[in-house]
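Good morning, colleagues. Please bring up the model on your screens, and I shall take you through one strand and its surroundings before turning to the contact between chains.

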Amino acid sequence: MVERKISKQRYIAATVITTFIFIFGVLLGLVLDYERVEYLQFEYSKNELDYKSLQMQFSLLDMEEEDMKGCAAFEKVMESTVSELADSLEAVQTYREYSATKKDQYDIIERRYALDNLRYWMIVKRAQKICPMNKLTVLYFFSLDNCPVCPNQGVILTYFKKKFDDKLLIFPINTDISEKEPMLDVIQSRYNITSYPSIVIGDDTYNGILDKDALGSIICSKLNVSEGECS
Amino acid sequence: MNPIMIVVWIGYITTLYFLVYWLLIFFEKKDIIKKDHETEIKLSSYPEVSVLVPAYNEERSIRKTLESIIELEWPKNRLKIIVINDGSTDKTKHIVNDFIKKHRDFDIKLLNQKNSGKATSLNNGLDIIRSKYFACLDADSFVLPGTLKKMIYWHEKDANLAITTPVMKVHEPKTITQKFQRLEYISGMLLAKLMSYIDCLYIAPGPFSVYKTAIIKELGGFDTNSMVEDQEIAYRVQVKHYKIMQVPHAYVKTIAPSNMKGLYVQRNRWFKGSLINLIKYKKLIFNSTYGDFGVFQLPLNILAYIVAWGALVTFFYYSIKPFFDRLYELWLVGFDIMPYLQNFEWKIDLFAIEPMSVFFVYLMLAFSVLFLYLSSRVHGDKVRKYGWVYILPYFFLYFIIMSYIMVRVVLELLIGKKQKW
């Protein structure tokens, strides 16, 4: 007969090694989590600086009328900073999904990004009055928690952003942090936002999802583009 | 964390545990493995051995199978070959008769029966043999000349050894499916060896397992109701606390299914039979009377079916779902891809990966590669012998295919679908 054995020592050793590997994996996750937040803080500082620069450029434009050269420079800087801001916000939302520990910090970061988007949107709207710019501003209100169709609207907006590139300036606002950021309530009430997704194009509010054709015709009616671009 | 991800994580950690466990056994037994592989095989006598060859429609390979038996390094007068023709409708019977005529110096018998399955064929053969040992060789497999000698050598050393099993290799892999299986068999060689060292072997492969006749007769022969009679007999051997051993360098080659359909049919039967055996012998699970076999191997066999679900979910979540998500997104924009192509940006954000899953998946992959490498070294069978292109898909795709079959088997058993051969 076979002498049956239970190799307790081997089971313990395997448990210790597996636990060690698991802890290593968890620590790796925590380190990465920390690095992500650090990276976002750095990106935010950069955005803050970009905003200050943009604001000063705008103040200068405000002082001198009909400064076409200044307008062109302002437009260029504005396009790149708005685009960087959108990328950063996308990163914040992706990182937040993977973060196991720093939810509170992500709330603060998202609040900052929401405010940043709003102030950039405001500065662009004001600049449009001084500089002749063929640009359309889109304020996009969405919710990740309470709006299953919002990702669809995001896809359609991204499509038009790709299509019209810098002519379309999209400012996404995550309304999930409304409770923590009072400014969001103020802006939503001002533009009569009643459901998500909602879009403010120029000064007009559109509640509910807009499909490709509907959004396309609104954009084309407000933007100075060739017929070919709108087909 | 949602419930699906909790199951996936339990799968990750337990799989990692078992991989670590197998590697620990390998490093613990490394010297013994080396010693066993270098053992000089010397027999003081050659006991009589019967080789049972159950055959159903094997006209393509049976001649070569029989030739491999007569080429065994074993005295002719101590070797009896019994071919059991299980109601073949092709030329199997004719080929065997022809072979007998041409090899009258060998004791070869042909038993003809109505088609009634492999277990019945083996039992009919078992009824007429009187030899101390008997081997079973599937008619699609070929045994190497020195294999029987090695197996009997270890049998003679231990009266409690009921079954010796060979080291199985895939015969001349040509198709991708066969090359995938070859890699699986290489890992399997080492796995079976390690299972053998901790008395956890639970399969006596159809291609040339050698049995002590008295023990198998005492156990009542092969179970005619089982889909995997070679596994069922091994369970009964374990129940009676007899030993099963994989013999070093006892090679046998088998023709692996050449396409996915054939592979699916084979594995469906194996996995289904295996699960039925687990249910049949559930009293052994976590039963310390059976040592590591009860508390480690059988729970691991159950876990394999759970991990299969986890693997399939992970695969769908990370590969299939994103594909359909992108397709859906394209549908939303009327499949107009031009704007995306015109403003295409290649962005790599290393922070935008889920580190824990990636870490565990790659770690397990690394362990699996290490295991394959160690096995290929132990058995002198180079992994890249038939090319390297299929190695990476093997680790990703093949396991997913196996997981899919396992999951399907569980569902088929739950809905009570009957097995078709």
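Let us begin with strand E1 of chain B, which pairs with strand E4, residues 133–137 of chain B, in the parallel sense over four bridges. Within that pairing, Ala135(B) of E4(B) is the residue that stands opposite Val51(B). I should say at once that this is a predicted model.

E1(B) also pairs with strand E2, residues 79–86 of chain B, again in the parallel sense, and here there are seven bridges. Val51(B) has Ile81(B) as its bridge partner in E2(B). The connection from E1(B) to E2(B) passes through helix H2, residues 62–70 of chain B, and this β-α-β crossover is right-handed.

Why can we call E1(B) largely enclosed by the rest of the structure? Because seven of its seven residues, 49–55, are buried. The burial applies to both faces: one side carries Val49(B), Val51(B), Val53(B) and Ala55(B), while the other carries Ser50(B), Leu52(B) and Pro54(B).

I now turn to the interface. Chain B places 35 residues in contact with 31 residues of chain A. On the chain B side, the elements giving two or more residues are helices H1 (3–37), H10 (291–332), H11 (338–342) and H12 (355–379). H1(B) supplies the largest share, seven residues. In terms of class, this side of chain B comprises 22 nonpolar, seven polar and six charged residues.

Thank you; I welcome your comments.

Definitions and conventions. Residues numbered from 1 in each chain as written. Chains lettered and ligands numbered in written order. Predicted model: local features only at pLDDT ≥ 70, side-chain atom pairs only at ≥ 80, totals over all residues. Contact = placed C-beta atoms within 7 Å. Nonpolar A, V, L, I, M, F, W, Y, C, P; charged D, E, K, R; others polar. Buried ≥ 20, exposed ≤ 12 C-beta atoms within 10 Å, placed from the backbone. Pairing = 2+ DSSP bridges. Right-handed = clockwise from strand over helix to strand, strands pointing away.
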